[in-house]
Amino acid sequence: MATHPISVTMENVDQSEEGYDAIVVGSGYGGSVAACRMSMAGIKVCLVEKGRRWESKDFPTDSLKILSAVRVENQNLGLYEQDDSLAAVACGLGGGSLVNAGVMIPTPLRARRNPKWPREWERDWESCEASASAMLRVQSVPTKFPNAKVMEQIVGEEFEETSHGPVKLSVTFDIEDKPNRSLENQGMGSCLACGNCLAGCPYNAKNSTDKTYLVSAVQAGCTIKTGCQVQFVTENPDYISKQGGKNERKTPRWRVFLNEIDYLTSDFVILSAGVFGTAQILFQSQLRGLKLSETLGSGFSCNGNAVAYVAGSPAPLNAYGLSKSNFSEIPFQERPGPSISSSYTSSMGFTIQSAVLPRAYPDLLFKGIATYGWPYSPWFLHGVVDKLRHILGLKACNAMILNAMGYDQSDGKITFDKDTNKICFSPPHDRLLSRKIKSFQKLTKKVGGILFVSRYRSTSVHLLGGCNASSDPSSGVCNPNGQVFDRRSPTSSVLPGLYICDASLLPCSVGINPCLTIATLSEHISRHLVQDILQYKSKESTTFGENFGGQKPGSITSMNLEWSLDPTVVFKETMRGYVGGMPCSAYLKLQMSSNTRTWTEVDQKSSILGVSYPLLRGKVGGYVEFKALEVGELHIIDGEVDLCAVDERTPYTQYMRYRLLLAASSGSRYVLEGKKVMNPYLFGLYAWRETTTMHVTFNKVVMNDAKEEGVKLKGKLCISMTELLKCLISLKGNARGSFVSLLLLTFFRTYISQVPRGSRKEFNPLKLHQKPYPNSTLHEIQTEDGFTISCQQWKCNENTLRVEEGENKLSPVLLINGYATESYWLPTESNDLVRTLLDEGHETWLLQPRLHPLNSSNNFTIEDIARFDIPSVINTIRYLHGPMVKIHVVAHCVGGLAIHMALMGGHVSAAHIASLCCTNSSMFFKLNASSRFKMWLPLIPMSMVILGKNTILPLFETSNATPRQRLLKSIARLVPRYERCTCDECEVVSGVFGNAFWHGNISPTLHYWLNKQNLPHLPMGAFPHLRKICNTGYIVDHNGENSYLIHPERMALPTLYLSGGRTLLVTPHTSFLANNYMKMHQPGFRHERVVVEGFGHSDLLIGEESSTKVFPHILTHIRLAEEDKKSVTDGERTKYNQEALAWGDDPFVDGNGGILSYFTPSFTIWLLLLLLLVNVVWVLW
């Protein structure tokens, strides 16, 4: 047999590597068989092993070394201790085959006739058994060694040899197989009969799976990764999302997680981690949404194990391991021999074997520490004396191990402790345990000496079951082919690609050493597994095994998840807060690496904007607690983070974006998207709040079930000072300094130097998308004071009218803009309010008053618009439609102030108005703290003095401006604002008004059109009047007198007040007060108030999502007014008395991170004044 060199290297996890066809977890008698058979079929296989690779020289040869290799609970050569039970497992490349006796006895007929034994296994059992025996190179023990001779003489008539002829082992004996030169090529030795098999063969004579199956697997191309423990497996969310759609690039079906963050991907996963290991992986996977059979952990068997130790015998047992120096003194036939060389089965149904105690085993454990002696005498003293004889080089008493196996009830239970993430177990009942102990005592009497019996009720080295195979999910975890059942399906369907292939499948005890049974079963499972993979590949039209017969040999690599050549940082972050008004906590583990290939779209944007911080992007693990939604923890199965995300719409703003896919034990999945927003406002005054507060949305993923209800919640999670310190302390990795420095550098760029990360794309005006409108008519109207204004009229297309014949025509709608900027007629957008109203069937009028750029007045007030402009256009509409027509009015900002002045001032009768809808405006006008501070300062009077007689400010960069106008624009650019922009026109306007919209809410094309085409100049004549309204908080006349609120009787009409939930300029308190005012004074009409989350000021009407989130409220309000429906009847008016309305506070008062919301207004004003003075001094200096 030709051999290839096997490379052994050290590496860390790289998720960028291509996924495998199959991943095998574990390398014992199950995993090694599956990996070998799949690799030989040309399938791309990766075998993952928790333990290390053991060379012959690495096995312990003394007590100190073996104690260092043994750990309680899940480490190396592990011991699981549970109350009165003890179970031993092996960990290393080769699994239990490294440290067992290698006894290869065919499965007894009694086990195969058990009703639980699947009949499907019997079809090819003999052929699979022959294949396993051939691969493991089973050989007979060539001679009877001393302890075997003694056993032959002392066993009674009730015992007979388990197998006819010598015991067969997976051990190489040169006496039997001299011609096999290929073993020498592989570095294999021959058995020296040293008796140290149970501590690992130090002479390379044992045919463990790492020297048989795995050698063939690697030669066939299998990749082996050691030193990493699989924690859980999940269905690949990318594969689930692409099901039913066109998947151009093949997406693997499964993710195999090596810790909370790192994972490998494949289409098939074969769990062969041993009984406890496989159960633990499945329990962990179940917590992350994998729906498994309720019988998981049931049917656990210890194979009827009972262990005892006979010491102090005068019989020539010679059952203690030898050191290398003893070989020259003792002939081969007189040596201890392999660990087990004799096996006898009792007529009572159990098997007893004598075994050699390895030299490395601390025999004191067997002589009193973990045992009790029989007959009752000073047996512990015997152990001490015998140990001293060993140390002094004197001949010690003879001793040997007795191991009994039988048929227990297979009713043990494996469970999982969620708090400690550890396996717990209760052993099965063994009715023959007392008889086994009596047999031990009889044998001890015959050889003499002291019998040391385990203090534990159950001491097992042969663990079986826990994931029993069955044809029915109600009685097993897998079907007879090893495929895991899917409990989500009412039928007996399976989870595609998920297999179990180890001793976990065995549904009953086998009564003898189960090694050959497990290998045989694995051969059976592998045949169906290979067939399943090849069929799947053919359906997916994916090539495999193209170079079959000439594959490149695979490799064995030692993984180190804590070590990496790439710059890496790992830290923990704990955030708490409220989502949807319910408490929520996130316990995150973040792994930042410059080699992390995630956030593809963000990478592309970053490269476009000329900035990239790969070390600030990474993966997220951990879990979220949201008890109001799911009782258990919501585990993160796919998480990404970018601590310096960039948006081309807001180049001055830094974002920390989190995206977490959460899985619950119920099977539900959720997506938590979080964002920390850092704006360069007032040189980092709010840096602490912004960097520690994450605004989150929490959505439930609907899994192809129309009946399943979705969940969409919003809230905030914050990190406290204590948790932040813990986060800094938890920093680990080889790039901690670079990471901290880079993060602080981004904060400095955002808050202090305020350098934009790229800029908005420049647009060619000819390429702007402009959806054509229906023909419109521009009416020029002369007002009562002799000023000429205009109004644009769109007549509704008759084909789009939603009015059946015989019904009245829908009333026209009058749209009134805010201060100068267009909000309704947006040529670049496919869905603006004008188009929406036309599609609804309403004739639409757009007022262009004296503050509009087309009709700019040099000297006017908002009161002039209310007294002259609005009445003129309403009279024009009534003239064209008749005096009985009623008009719906939609007004924004200053337009809303003007319509309220017109109504409450008696200039327009409410009888002519069908309904009124105002966005961020009403008879009240409440500004946020920073805008109120700007209005309190004498900036507007100073601006009017600077402008002089010409109060119209040109905005376009290409416009001719006077020195006065240029000076005012320069001052406007210096005024602090929450969001900055690289567009000069936008900077000037926001310096004058403050930010009118959140840049992230509007499209780049609209931003370009608004600033480069729509607003060539800004008439500022009404600013003194506007300042008086802002400072009082409600509408007043140009002298500052309250001439309007004293006439509520003039507001007899239905109203809708809309506010943005993410405050800019005008706070939601504006609509709150207005709604209460109308309910109190006009209870006979329908009055509504809506706060739309995520919107600021004018983006309520011009945002990309306005057509779906804002316009429906306006249309519903208009429809109800058309139907003349009142939600409040006369009998219900008493509910709107002043006392009742005073009870409630505004539920939308700025609790969502509004600007300066954490300070009192007076404190804010003085603080801003101080900062402004410092800024001016700095500029002058």
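**Strand pairing, sheet order and a nonpolar patch in a predicted model**

In the predicted model, V256 of strand β12 has L264 as its bridge partner in β13. The two strands, β12 and β13 (residues 263–271), run antiparallel and are paired over four bridges, and the connection from β12 to β13 is a hairpin of five residues. Strand β12 is also paired with β11 (residues 232–235), again in the antiparallel sense and over four bridges, with F257 of β12 serving as the bridge partner of F232. Both faces of β12 (residues 254–257) are covered, since W254 and V256 on one side are buried, as are R255 and F257 on the other.

Further along the chain, eight strands form an open sheet with mixed pairing, in the order β35-β36-β38-β37-β39-β40-β43-β44. The edge positions are taken by β35 (776–782) and β44 (1087–1092), each of which has a single partner strand, so that one side of each remains without a neighbour in the sheet. From one strand to the next, the twist averages 20°. At the β35 edge, seven bridges connect β35 with β36 (residues 788–794) in an antiparallel arrangement, and within this pairing I781 is found opposite I789 of β36. Helix α17 (residues 833–840) lies across four strands of the sheet, namely β36, β37 (813–816), β38 (844–848) and β39 (887–892), and its direction makes an angle of about 175° with that of β37.

A separate feature is a nonpolar patch on the surface, of about 420 Å², to which W688, M721, L725 and L728 contribute. Helix α15 (residues 721–729) supplies the largest share of this patch, with three residues, whereas W688 belongs to helix α14 (residues 687–692). The relative accessibility of W688 is 42%, and this residue is therefore classed as partly exposed, a category that lies between the limits of 20% for buried and 50% for exposed residues.

Considered as a whole, the chain contains 31 helices and 44 strands, and 58% of its 1181 residues are counted as buried. Its accessible surface amounts to about 48,600 Å², with 54% of that area belonging to carbon and sulfur atoms. Of the contacts between residues at least 6 apart in sequence, 74% link residues that are at least 24 apart.

Technical notes:
Residues are numbered from 1 along each chain as its sequence is written. This is a predicted model: local features need pLDDT of at least 70, side-chain atom pairs count only at pLDDT 80 or more; totals for chains, interfaces and linings use all residues. Side-chain values use heavy atoms; hydrogens and water are left out. Two strands pair if DSSP finds at least two bridges between them. Axes are lines fitted to C-alpha atoms, for helices over the stretch in contact, and angles run from 0 to 180 degrees between N-to-C directions. Contact means heavy atoms within 4.5 Å. Patches are made of residues with over 30% relative accessible area and no salt bridge: like charges are joined within 9 Å, nonpolar side chains (Val, Leu, Ile, Met, Phe, Trp, Tyr) within 5 Å. Accessible areas come from the Shrake-Rupley method with a 1.4 Å probe; for residues, only the protein chains shown count as cover. A salt bridge is a side-chain nitrogen of Lys or Arg within 4 Å of a carboxyl oxygen of Asp or Glu. Buried means under 20% relative accessible area, exposed over 50%, partly exposed in between (1.4 Å probe, protein chains only).
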